[in-house]
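Grab your viewer and let's work through some ring geometry. Each exercise comes with a worked solution.

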Amino acid sequence: MPSVVLKYVMAASGAAMLLYLVLHMLGNLKIFFGAGALDAYSAWLRTLLEPAVPYSGVLWVIRVVLTVALVAHVWSAIVLARRARAARPVRYTHRPPVQGSYAARTMRWGGVIIALFVVYHLLDLTTGTLNPIGVHGEVYDNVAADFAPSHWYATIFYVLAVVTVGIHVRHGLWSGLQTFGRSNARTQRALKTFALVFAALLVAGFLAVPFAVTFGLV
Amino acid sequence: MRLHLKVWRQHDADDRGAMRSYDVDDASPDMSFLELLDVLNEKLTTEGEEPVAFDHDCREGICGACSMVIDGQPHGPEKATTTCQLHLRHFRDGDTITVEPFRAGSFPVVKDLVVDRSAFDRIIAAGGYVSAPTGSAPDAHAVPVPKDQADRAFTAAACIGCGACVAACPNGSASLFLGAKITHLGELPQGQPERDSRVLAMVAEHDAAGFGGCTNTGECADACPKEIPLDVISQLNRDYLAARRSRRRSA
């Protein structure tokens with residue numbers, strides 16, 4: 001498959017996951033309206049579009065779409081990374097990076113770190129296996145236990161993972177727009193700024209929850 | 001000025017190759033980098049050693065023949081400068097300078113700093129042309145070109161096909177070269193008849209030659225001695241998508 005097509009697969013699957021991240025982040029902010037609001041939101045996600053779709057139906061559709069997007073994203077990344085490796089069999093003895101941002105250089109390993117975090121995150125707050133409380137449906141209590149000051153190591157891991165996501169999104173969003181041909185000499189700087197602001201807002205939205213819990217604001 | 005050089009020496013394509021150190025004691029700040037290599041080669045020849053092989057032709061920055069990575073950067077540390085136009089006044093007395101060939105699987109080393117860039121010729125042959133009646137050339141003003149498009153076509157046409165973009169790319173991709181050719185011909189009315197088939201064929205040849213995919217890091221545009229902008233890759237992507245769509249319509 002041509003590399004350009006793989007880039008479209010990468011960009012489209014990334015866009016699907018990014019849209020989910022935005023909705024996820026906005027949903028998380030329900031915690032600032034109280035424990036009841038967060039738990040009710042979680043329950044609503046399961047009764048959404050009932051009775052047209054069965055209980056949790058929408059949630060399962062989202063999960064399937066995300067899984068397909070994730071597989072497509074990782075698959076295209078692996079194929080492209082292998083081609084990149086094959087394209088330079090002999091390395092330079094001396095070549096410092098000059099232009100590529102930190103975000104651009106860490107896309108591959110950053111992606112692996114994010115994938116590992118997602119596994120932990122699902123075991124923590126979806127299945128409850130690794131959560132100190134882990135009671136299904138008691139979303140506020142689970143989150144509060146997770147980010148309690150005594151459970152600080154989970155908070156630190158969460159913060160680092162979210163920042164990694166932000167760095168990944170900063171390059172990924174701009175790169176995706178470039179891949180879909182939305183970039184030209186006039187818009188390039190604006191698109192890069194947009195991606196940076198977008199990533200910063202996403203990170204801020206996700207970090208608001210653990211910080212609010214740790215410092216007792218909610 | 002005195003300069004210490006670490007130069008890649010490789011006898012032929014099958015040789016493993018290694019970095020070798022040389023000292024040049026009588027370099028002048030007014031010399032170009034290629035003249036520095038000329039001075040080194042004179043010294044090596046008188047000492048009975050094999051001179052360093054390197055590609056060069058016009059020595060005025062427009063042919064794209066000189067190809068080497070100097071201190072880790074294709075064509076050296078100066079912006080918008082080919083190796084032949086890089087002067088030693090940009091270095092300091094006593095500096096150690098590393099010199100390597102362009103590194104890419106699709107640019108195999110022929111000898112020392114000379115690489116085989118015929119993969120670029122194959123990409124051009126695949127679609128980097130326009131169909132034109134020869135023998136009865138039309139009047140130059142017969143086809144009007146809007147100023148904006150003429151300017152953008154000219155910016156892209158400045159590409160000299162040197163391969164610095166490939167050498168700089170962390171993925172060994174030739175996307176900037178491809179994008180420059182697609183934009184150069186695609187912006188002009190003369191380039192329209194083959195616009196779709198061109199991008200499909202050139203991308204296919206690019207991949208077949210073993211070049212990697214683009215990750216939009218921008219290393220290529222930074223290394224480009226002709227300052228081809230990164231957005232030509234976005235143009236390439238857009239044209240490719242449009243060509244795939246129109247091919248589906250007609251089939």
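Here are three short exercises on aromatic contacts.

This is a predicted model, where local features need pLDDT of at least 70, side-chain atom pairs count only at pLDDT 80 or more, and totals for chains, interfaces and linings use all residues. Residues are numbered from 1 along each chain as its sequence is written, chains are lettered from A in the order in which they are written, and side-chain values use heavy atoms, leaving out hydrogens and water.

**Exercise 1.** Classify the ring pair Phe117(A) and Tyr158(A).

- Rings of Phe, Tyr and Trp (its six-membered ring) pair if their centres lie within 6.5 Å; planes under 30 degrees apart are stacked, over 60 edge-to-face, the rest tilted.
- Here the centres are 5.8 Å apart with 70° between the planes, which makes the pair edge-to-face.
- Phe117(A) sits in helix H5 and Tyr158(A) in helix H7 of chain A (helices being DSSP runs of H or I, at least four residues, numbered from the N terminus), so the pair ties together parts 41 residues apart in sequence.

**Exercise 2.** Now do the rings of Phe120(B) and Phe177(B).

- With centres 3.7 Å apart and planes at 5°, the pair is stacked.
- Phe120(B) is buried (under 20% relative accessible area, 1.4 Å probe, protein chains only) at 3%.
- Phe177(B) is buried too, with 3%.

**Exercise 3.** Which ring does the charged end of Lys192(A) sit over?

- The test: NZ of Lys or CZ of Arg within 6 Å of the ring centre and within 35 degrees of the ring normal.
- Lys192(A) sits over Trp174(A), 5.0 Å from the ring centre.

Note on methods. Helices (H or I, at least four residues) and strands (E, at least two) are DSSP runs, numbered from the N terminus. Buried means under 20% relative accessible area, exposed over 50%, partly exposed in between (1.4 Å probe, protein chains only).
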